[in-house]
Amino acid sequence: VSQSRYSGQSVGELSMRATELGKGTFTAKENMKILASIPKSIAVGMKGNVDAMIKTAQQAKMLGLEMKKIQEIGRGTLNIEESLEAEMEARALVGKDINLDAMRIASLNNDQAGVMRELVKNAGTLDEFSKMNVLQQESLAKAMGMSKDELTDMLEKEKKMADAFLA
């Protein structure tokens, strides 16, 4: 796992730490895959904050996303003209106040957890999404830097997590 060179910890130590932080949500093998999927640029950007990097990667995985995708979504918001155009279109079609400014700031500061938090906040719920027509769904997904299928998958996983938490 390449992250061990940025953290100064062995692969075994990282895996054990990931298992602790995930409170058993993922097996050691799954944690190794999650850690291995974190791009070097993110590991460097998180400035050695290993716990935050692990937690963010695990949360992304629970939403059906990889850290690379979170980074791409955040980076997409920094293409200001296209991002604002997609955001305004989604606002108009969906009739919802979508504001991706905090996501842009998080992306600019290499704050992948912040990007993910803002993505989830602005995407809404599966129930809201399922009541939209196809054009509204596509527009919202585009504003979020995702395909309609990717956003649907993320919202379904988020709902399962919420349902499991409330059960």
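A salt bridge here is a side-chain nitrogen of Lys or Arg within 4 Å of a carboxyl oxygen of Asp or Glu. With that in hand, welcome to a short tour of a predicted model that holds ten salt bridges. Side chains of opposite charge can pair when their charged atoms come close.

**View 1. Glu118 and Lys121 pair within helix α9.** In this close-up, the two side chains meet in a salt bridge, with 3.6 Å from N to O. Both residues belong to helix α9, which covers residues 112-123, and they sit three residues apart, about one turn of the helix. The partners have contrasting surroundings: Glu118 has 11% relative accessibility and so counts as buried, the limit being under 20%. Lys121 has a relative accessible area of 59%, over the 50% mark, and is therefore exposed.

**View 2. Lys159 and Asp163 join along helix α12.** Here the salt bridge spans 3.0 Å from N to O. Because Lys159 and Asp163 are four residues apart in helix α12 (residues 148-166), about one helical turn separates them. How exposed is each partner? Lys159 is partly exposed, at 42% relative accessible area, and Asp163 also counts as partly exposed, at 38%.

**View 3. Lys131 reaches a salt bridge with Asp127.** The side chains of Lys131 and Asp127 meet at 3.2 Å, N to O. On the lysine side, the relative accessible area is 65%, which makes Lys131 exposed. Asp127 has a value of 45% and is partly exposed.

**View 4. Four charged residues share a network.** Which residues are linked in a network of salt bridges in this view? They are Glu87, Arg91, Asp101 and Arg104. Feel free to follow the links from one side chain to the next in the structure above.

**View 5. Leu93, Val134 and Leu135 make a nonpolar surface patch.** After the charged pairs, this close-up turns to nonpolar side chains. Leu93, Val134 and Leu135 form a patch on the surface, and together they have about 260 Å² of accessible area. Leu93 is found in helix α7, residues 80-94. With a relative accessible area of 39%, Leu93 is partly exposed, and this value is over the 30% that a patch residue needs, so Leu93 meets that requirement.

How values were computed
Residues numbered from 1 in each chain as written. Predicted model: local features only at pLDDT ≥ 70, side-chain atom pairs only at ≥ 80, totals over all residues. Heavy atoms only, no water. Helix = DSSP H or I, 4+ residues; strand = E, 2+ residues; numbered from the N terminus. Buried < 20%, exposed > 50% of the residue type's maximum accessible area, 1.4 Å probe, protein only. Patch = residues over 30% accessible without salt bridge, like charges linked within 9 Å, V, L, I, M, F, W, Y side chains within 5 Å. Areas by Shrake-Rupley, 256 points an atom, 1.4 Å probe, with all protein chains shown as cover.
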